[in-house]
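I opened the model to take notes on its fold. These are my entries, in the order I made them.

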Amino acid sequence: MDTLDPTPEKKRMTFRSKSAARSEAAKPSGTPWKILVVDDDPQIHILTEEILKEFTFESRSLLLISGYSGHEAQELLGKHPDAAVILLDVVMETSHAGLDVVKFIRDKVGNQNLRILLRTGQAGQFPEEKIFEEYDINNFLEKTDLTSRRLKTALKVGLRAYRDISELDLARQRESELRLAADAASKAKTNFLHMMSHELRTPLQGTKGPFEEFKGQFHLFSGVKRLRSMIHSLNDDQMRTQFASALQETYDEVVDIASQGLKSVEHLLGLIEDVLDFARIEAGKLTLSIAPLAIQEPIQDVITTLRPLAEKKGLQLDAPLNETITVIADGKRFKQILFNLLGNAIKFTNSGSVTLTVSHHGKQALFLIEDTGCGIPPEKLSVIFEAFEQVDNSSTRHAGGTGLGLPITRELVSRQGGEIHVESTPGQGSRFSFSLPLA
Ligand SMILES: Nc1ncnc2c1ncn2[C@@H]1O[C@H](COP(=O)(O)OP(=O)(O)OP(=O)(O)O)[C@@H](O)[C@H]1O
Ligand SMILES: [Mg+2]
């Protein structure tokens, strides 16, 4: 191997087009492309420099960086990770030094962007096909055939490929940065929702207690008790009747106000629970306690709670349950699913009926909630399962709600091994169905 000690000036040379200096339009601009030229023959370096003297690609000149052995090539690669192309000799300090450099670039450094142009004077010893098969190179040139035109074309092809790969890399990097930023924003939003709803829930729960006390135990308040016994001991019948009726009136008024307050607080607590559930789902922190569950009792509970709501709207609410069915589910969440779906059916139905029927097919229990309400337009059928999506989200809409019920319901059903579906005819009604595994 001829290992000539290269002079420092030889190691770094920038070529800028001479003709470009004359013509402003063709003047190379931007940073030059870094090209590593690795060959143990100084003549090859001189020749390469001569051929590429005036070469530009996309108005950028070349910065040729020379190395004279495989070992030196590895050092240069460490210093210039942004090199675009390497013109690499095969036989240098060993008969396969160049091929070792290829392995070093791709496997050790993991640089897949650098375009590798292998140049060999011993083409017979290294069949092109075999080299391409075994080594991740991008071009194979024979030194004997290395005319100026061929080298320039090969370099142009290499640079073009490098440019495309780098642009793709950059786009990918930008996309991943954007995704990271979006993830962070979404996480911050979820944390905020979680924190706020926790903070709101505590004082609200504190408000619930007094309202409940007024509603249920006002007659046990000591002042009320004393008043009642004073009225009781009055001798004047007429006065006694009048005082008793005034006390009853006060009692009814207090209970009425307390009931309204309690309803609002419970409604708010329900909303906060929904937001909390949503935040838990987003953060992947929703936990369920799944066990065999006889469905009759929870269904009765839900129907009993919702019946006054249906009756107030003059709706018939039916849930005929003929057989005992046991599913595998979380009792609290099972009721939540029914509350959401039956609650929606009642909310969006102004006349007619809401019916819940249960059947079973194979290993699944099927729950069907049918209503004769306003229905849902076909284009909205899949959208309503997204968070905050409502068919009518105008401020003038009649029905209240935040649009979290269905996304939470869908998550609860799928987390318990079931599926939820909807069919609807606008103006006629909707059918929501969901499945759960049978015990
Ligand atoms: N049975 C139904 N009939 C007609 N429209 C329905 C029915 N169920 C749901 N929708 C439509 O789907 C939308 C989303 O329902 P979802 O339960 O997610 O939210 P919401 O009921 O509006 O509010 P929330 O449940 O958070 O109180 C509703 O706003 C409504 O437009
Ligand atoms: Mg709802």
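Which residues in the largest nonpolar core touch the most other members? I listed the core and found Ile299, Val327, Phe334, Leu342, Phe367 and Phe434, out of 45 residues. A nonpolar core here is a set of buried Ala, Val, Leu, Ile, Met, Phe, Trp, Tyr and Cys residues joined through side-chain atoms within 4.5 Å. Buried means under 20% relative accessible area, exposed over 50%, and partly exposed in between, with a 1.4 Å probe and protein chains only.

**Ground rules.** I am working on a predicted model, where local features need pLDDT of at least 70, side-chain atom pairs count only at pLDDT 80 or more, and totals for chains, interfaces and linings use all residues. Residues are numbered from 1 along each chain as its sequence is written, chains are lettered from A and ligands numbered from 1 in the order in which they are written, and side-chain values use heavy atoms, with hydrogens and water left out.

**Core.** I asked which element gives the core its largest share. Helix 11 (residues 331-347) does, with 7 residues. Helices (H or I, at least four residues) and strands (E, at least two) are DSSP runs, numbered from the N terminus. Then I took Leu342 and listed what it touches, leaving out residues up to four places away in sequence. I got Val302, Ile303, Leu306, Leu317, Val354, Leu356 and Ile369. Contact means heavy atoms within 4.5 Å. I also found a second, separate core of 27 residues, which includes Leu76, Leu77, Leu99 and Leu118. As background, nonpolar side chains tend to be buried together in soluble globular proteins.

**Open sheet.** I traced an open sheet of 5 strands in the order 8-10-11-13-12, with mixed pairing. Two strands pair if DSSP finds at least two bridges between them. Strand 8 (316-318) and strand 12 (420-425) each have a single partner strand, so one side of each is left without a neighbour in the sheet. The twist averages 15° from one strand to the next. Strand 10 (residues 353-361) pairs with strand 11 (residues 364-371) in the antiparallel sense, over 8 bridges. Val358 stands opposite Phe367 in strand 11. Phe367 had already come up in my core list.

**Helices on the sheet.** I checked what lies across these strands. Helix 10 (residues 296-312) lies across strand 8, strand 10 and strand 11, at about 175° to strand 8. Helix 12 (residues 405-415) lies across strand 12 and strand 13 (429-437), at about 30° to strand 13. Axes are lines fitted to C-alpha atoms, for helices over the stretch in contact, and angles run from 0 to 180 degrees between N-to-C directions.

**Strand 3.** Next I looked at how strand 3 is covered. I found 6 of its 6 residues buried. Leu62, Leu64 and Ser66 are on one side, and Leu63, Ile65 and Gly67 on the other. Strand 2 (residues 33-38) runs parallel to strand 3, and 6 bridges join them. Lys34 has Leu63 as its bridge partner.

**Loop before strand 3.** I looked up two residues between helix 3 (42-51) and strand 3 (62-67). Glu58 lies in that loop, and so does Ser59. Most residues other than glycine have a negative phi. Glu58 has a positive phi of about 50°, and Ser59 has a positive phi of about 60°. Glu58 is partly exposed at 45% relative accessibility. Ser59 is partly exposed too, with a relative accessible area of 38%.

**Met92 and Gly78.** Is Met92 buried or exposed? I found it buried, with a relative accessible area of 0%. Met92 sits in the loop between strand 4 (85-89) and helix 5 (97-109). From Met92 to Met195 I get 66 Å, C-alpha to C-alpha, with their positions 103 residues apart in sequence. Gly78 is in helix 4 (residues 70-79) and counts as exposed, at 60% relative accessibility. The C-alpha atoms of Gly78 and Ile105 are separated by 9.8 Å.

**Whole chain.** I counted 12 helices and 13 strands. The C-alpha trace spans about 130 × 50 × 40 Å along its principal axes. Of the 439 residues, 39% count as buried.
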